[in-house]
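Subject: Structure for you to look at

Hi there,

Here is the structure I promised to pass on. Please open it next to this message, so that you can follow along as you read.

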Amino acid sequence: MKEFILQNIIRKNIVALKPYSCARDEFKGDDAIFLDANENPFGVLNRYPDPYQNKLKQKLARLKDVPDDKIFVGNGSDEVIDLAFRIFCRPGIDRALSFPPTYGMYKVSAAINEVEMLEIPLRNDFQIDLPALTPLFDDERLKVIFVCSPNNPTGNLMNPDDIRFILENFAGIVFVDEAYIDFAGSQSLISDIDKYPNLIVAQTFSKSWALASARIGIAYSNAEIITYYNKVKAPYNVSGPNQMAALEALDNEDAFLNRKSIILEEKQRLQKELSEIPLIKKLYRSDANFFLVEVDDANTIYSKLIEMKIVTRNRHSVIKNCIRITVGTPDENDALLRELKTKS
Ligand code: PMP
């Protein structure tokens with residue numbers, strides 16, 4: 001196996017980059033007269049936020065048992081994904097790889113960054129096709145492999161042994177997107193960031209933390225990779241109100257656990273009830289907070305639900321006649337079940 005050497009994977013211009021040094025990099029502390037950043041002296045949101053989100057990182061460090069220099073906070077995990085292309089992939093030259101059907105932004109971000117996205121379709125059981133993948137480990141221009149676990153839109157966890165096989169045999173970056181991991185009742189790969197120098201684990205506050213509007217995404221990796229993330233990000237990439245929202249959520253772990261347990265209970269209920277509805281031909285097992293369901297005619301069912309103001313995600317274009325349904329509140333789920341039952 002080729003050895004993973006980070007310096008060979010990072011774009012040379014990023015290694016050489018002298019990052020923007022913002023006013024708040026030079027003076028640390030809150031207690032001063034600030035005449036350094038051309039802010040307005042009046043108001044509540046008049047000051048630039050902490051560019052490195054230190055308070056938030058300290059709380060995350062305690063929660064995840066990871067030192068804060070191994071944590072990057074982004075404007076949603078979409079930023080964490082985009083920065084991976086900008087740090088590791090030379091536009092027009094390098095490649096990334098993903099396992100469709102999967103989260104659409106890997107491919108969109110690749111296209112924005114002019115990076116070719118190789119695709120190895122998941123097997124019929126929605127697991128990674130390792131024999132098809134392995135020959136690509138020799139591709140010198142393949143820099144990042146995206147693994148989504150639990151996967152969107154299929155809902156299943158990827159086999160952790162397969163992910164470790166990729167980490168051990170691929171001499172590039174393995175980006176494991178764990179947006180839905182808190183619903184999975186399974187261990188995060190964050191505990192492996194010291195073992196694998198090529199591992200980036202992404203998580204988000206948009207799902208289990210109920211803060212999609214606050215746009216808080218996180219990367220956990222080794223301190224060196226995190227340094228490059230910090231170098232490339234926009235100076236104040238996470239707004240002050242958004243940092244506050246995440247801090248407040250972290251201070252209220254009971255609410256987090258309560259919401260999660262309601263969602264998991266509702267998920268069980270939906271699983272039982274959906275599987276009894278004749279219109280639903282197949283209900284895929286889910287490790288996330290949504291279900292992929294196969295129906296006779298996804299376009300029709302999707303449109304009929306829309307008429308009733310119930311918005312699901314039509315995935316027919318990626319998996320034939322499949323719709324993705326998020327677990328809602330008990331009332332929302334009742335409404336969905338009512339409609340599906342009357343359509344059956
Ligand atoms: N990864 C996956 C797998 C997702 O499904 C989503 C959102 N749909 C994201 C990342 C984006 O998350 P964020 O809101 O943190 O940008």
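Below is what I found in it, going from the domains to the ligand, then to some loops and a sheet.

Please keep in mind throughout that this is a predicted model.

**Domains**

The domain assignment splits the protein chain into domain 1, made of 6–22 + 52–250, and domain 2, which covers 254–342. Between the C-alpha centres of domain 1 and domain 2 there are 28 Å. Where the two touch, domain 1 supplies 17 residues and domain 2 supplies 18 residues.

**The ligand**

Which residues are closest to the ligand? They are Ser77, Asp177, Tyr180, Thr204 and Ser206, out of 13 residues that surround the ligand. By character, the shell around the ligand is made up of four nonpolar, five polar and four charged residues.

Three polar contacts are worth finding on your screen:

- Serine 77 places a backbone N or O atom 2.6 Å from an oxygen atom of the ligand.
- Aspartate 78 has a polar backbone atom 3.0 Å from an oxygen atom of the ligand.
- Lysine 207 uses its side chain: a polar atom there is 3.1 Å from a nitrogen atom of the ligand.

How much of the ligand does the protein cover? On its own the ligand has 400 Å² of accessible area, and the protein covers 91% of that.

**Loops with unusual backbone**

Next, have a look at the loop between strand 2 (95–98) and helix 6 (105–112), where proline 101 lies. Proline 100 sits in the loop between strand 2 and helix 6 as well. The peptide bond that joins proline 100 and proline 101 is cis, with omega at about 0°.

What does proline 100 touch, once its neighbours within four places in sequence are left aside? Its contacts are Glu119, Ile120, Pro121 and Leu122. Take isoleucine 120: 20 residues separate it from proline 100 in sequence, yet their C-alpha atoms are 6.7 Å apart in space.

On the other side of helix 6, the loop between helix 6 and strand 3 (116–119) holds glutamate 114. Glutamate 114 is not a glycine, but its phi is positive, at about 55°.

There is also a cis peptide bond between asparagine 152 and proline 153, and here omega is about 15°. To find proline 153, go to the loop between strand 4 (142–148) and helix 8 (160–169).

**A sheet of four strands**

Finally, the sheet. It is open, with four strands in the order 8-9-11-10, and the pairing is antiparallel. Strand 8 (280–283) and strand 10 (313–314) form the edges, each pairing on one side only. In general, the strands of a sheet pair through backbone hydrogen bonds, and they can do so in parallel or antiparallel fashion.

Strand 8 and strand 9 are the pair I followed in detail. A hairpin of six residues connects strand 8 to strand 9. The two run antiparallel, and three bridges join strand 8 to strand 9 (residues 290–295). Within this pair, isoleucine 280 has valine 295 of strand 9 as its bridge partner, while lysine 282 stands opposite glutamate 294 in strand 9.

If you want a place to start, I would begin with serine 77, whose backbone atom is 2.6 Å from a ligand oxygen, and then move on to the cis bond between proline 100 and proline 101.

Happy browsing, and do write back if anything is unclear.

Best wishes

Key:
Residues are numbered from 1 along each chain as its sequence is written. This is a predicted model: local features need pLDDT of at least 70, side-chain atom pairs count only at pLDDT 80 or more; totals for chains, interfaces and linings use all residues. Side-chain values use heavy atoms; hydrogens and water are left out. Two strands pair if DSSP finds at least two bridges between them. A residue is near a molecule or strand if one of its heavy atoms lies within 4 Å of it. A polar contact is a pair of N or O atoms within 3.5 Å; within protein, one must be able to donate a hydrogen and the other to accept it, and residues adjacent in sequence count only if both atoms are side-chain atoms. Accessible areas come from the Shrake-Rupley method with a 1.4 Å probe; for residues, only the protein chains shown count as cover. Ala, Val, Leu, Ile, Met, Phe, Trp, Tyr, Cys and Pro count as nonpolar, Asp, Glu, Lys and Arg as charged, and the others, Gly among them, as polar. Domain bounds come from an automatic or database domain assignment. Contact means heavy atoms within 4.5 Å.
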